[in-house]
Amino acid sequence: MTRESTTYLLARLPIGMSFLGHGLQRLPILAKFSAGMVNSFSKSFIPGALVQPFSLGLPFVELLLGILLLLGLFTRFATISGVIVMLALIFGSTSLGQWDNVFIQLMYSAYLALLYYFLPYNTISVDGWRKK
């Protein structure tokens, strides 16, 4: 284990836990979460017909990304997918003028981009073990 690979692990785990936590917290209240998002977006130009399926799928995607990042499994896919999710969330937040949320989502995006950039150090992971 190198210092770089340990640092990568220490960076990957918190964001993985964050995604996992988001998914786990929202799944038991999925209908309520979805209805709340649809209601919030009724004030925006984004139609509810798009918001509802997104809000129903988001917790499952967050849960999956959290698991993948925690395990270091398909990490390249997880980081790219995470940024795509962030782009969708940023679009939604900007349509509502929720600039504090946009800032947080930008930080998640930058964090994921850095994980992607430093992927060669992702050796303490399922991906790393599969390469050996």
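## Helix 5 and its partners

Helix 5 packs its buried residues against three other helices: helix 1 (3–26), helix 3 (48–71) and helix 4 (75–96). This is a predicted model. The buried residues in question are Val102, Gln105, Tyr108, Ser109, Leu112 and Leu115. They cover an arc of only 140° around the axis, which puts them on the same side of helix 5. An α-helix has 3.6 residues a turn, so residues three or four places apart point the same way.

The other side of helix 5 carries exposed residues. These are Trp99, Asp100, Phe103, Leu114 and Tyr117. The length of helix 5 also fits expectation. Its 19 residues (99–117) should span 27 Å at 1.5 Å a residue, and the end C-alpha atoms are 27 Å apart.

## The overall fold

The protein has six helices and zero strands. From the N terminus on, the order is α-α-α-α-α-α. The C-alpha trace spans about 50 × 30 × 20 Å along its principal axes.

Of the 132 residues in the protein, 41% are buried. Take the contacts between residues at least 6 apart in sequence: 76% of them join residues at least 24 apart.

## Surface and charge

The accessible surface of the protein comes to about 7800 Å². Carbon and sulfur atoms account for 72% of that surface.

The protein has 9 positive and 4 negative charges. The mean positions of the two sets are 5 Å apart.

## Helix 2

Helix 2 covers residues 30–41. It has 12 residues and reaches 16 Å from its first C-alpha to its last. That is close to the 16 Å expected at 1.5 Å a residue.

Which residues of helix 2 are buried? They are Leu30, Phe33, Ser34, Met37 and Phe41. They cover an arc of only 95° around the axis, which puts them on the same side of helix 2. The cover over these buried residues includes helix 1, helix 3 and helix 4. On the face turned away from the buried side, helix 2 carries the exposed residues Ala31 and Lys32.

## Thr79, a buried residue of helix 4

Thr79 lies in helix 4. Its relative accessible area is 2%, and buried means under 20%, so Thr79 counts as buried. Leaving aside residues up to four places away in sequence, Thr79 touches Leu69, Leu112, Leu115 and Tyr116. Two of these names, Leu112 and Leu115, appear among the buried residues of helix 5.

## Two loop phenylalanines

Phe45 lies in the loop between helix 2 and helix 3. Is Phe45 buried or exposed? At 60% relative accessibility, Phe45 counts as exposed, because the cut-off is over 50%. Phe45 still has contacts: not counting residues up to four places away in sequence, it touches Phe91 and Ser95. Phe45 and Ser95 are 50 residues apart in sequence. In space, their C-alpha atoms are 7.0 Å apart.

Phe74 is found in another loop, the one between helix 3 and helix 4. Its relative accessible area of 43% makes Phe74 partly exposed. The backbone of Phe74 has a phi near 50°. That is a positive value in a residue other than glycine.

Notes: Residues numbered from 1 in each chain as written. Predicted model: local features only at pLDDT ≥ 70, side-chain atom pairs only at ≥ 80, totals over all residues. Heavy atoms only, no water. Helix = DSSP H or I, 4+ residues; strand = E, 2+ residues; numbered from the N terminus. Buried < 20%, exposed > 50% of the residue type's maximum accessible area, 1.4 Å probe, protein only. Contact = heavy atoms within 4.5 Å. Areas by Shrake-Rupley, 256 points an atom, 1.4 Å probe, with all protein chains shown as cover. Lys, Arg positive; Asp, Glu negative; His and termini not counted. Charge placed at Lys NZ, Arg CZ, Asp CG, Glu CD. Expected span 1.5 Å × (residues − 1). Arc of directions from axis to C-beta.
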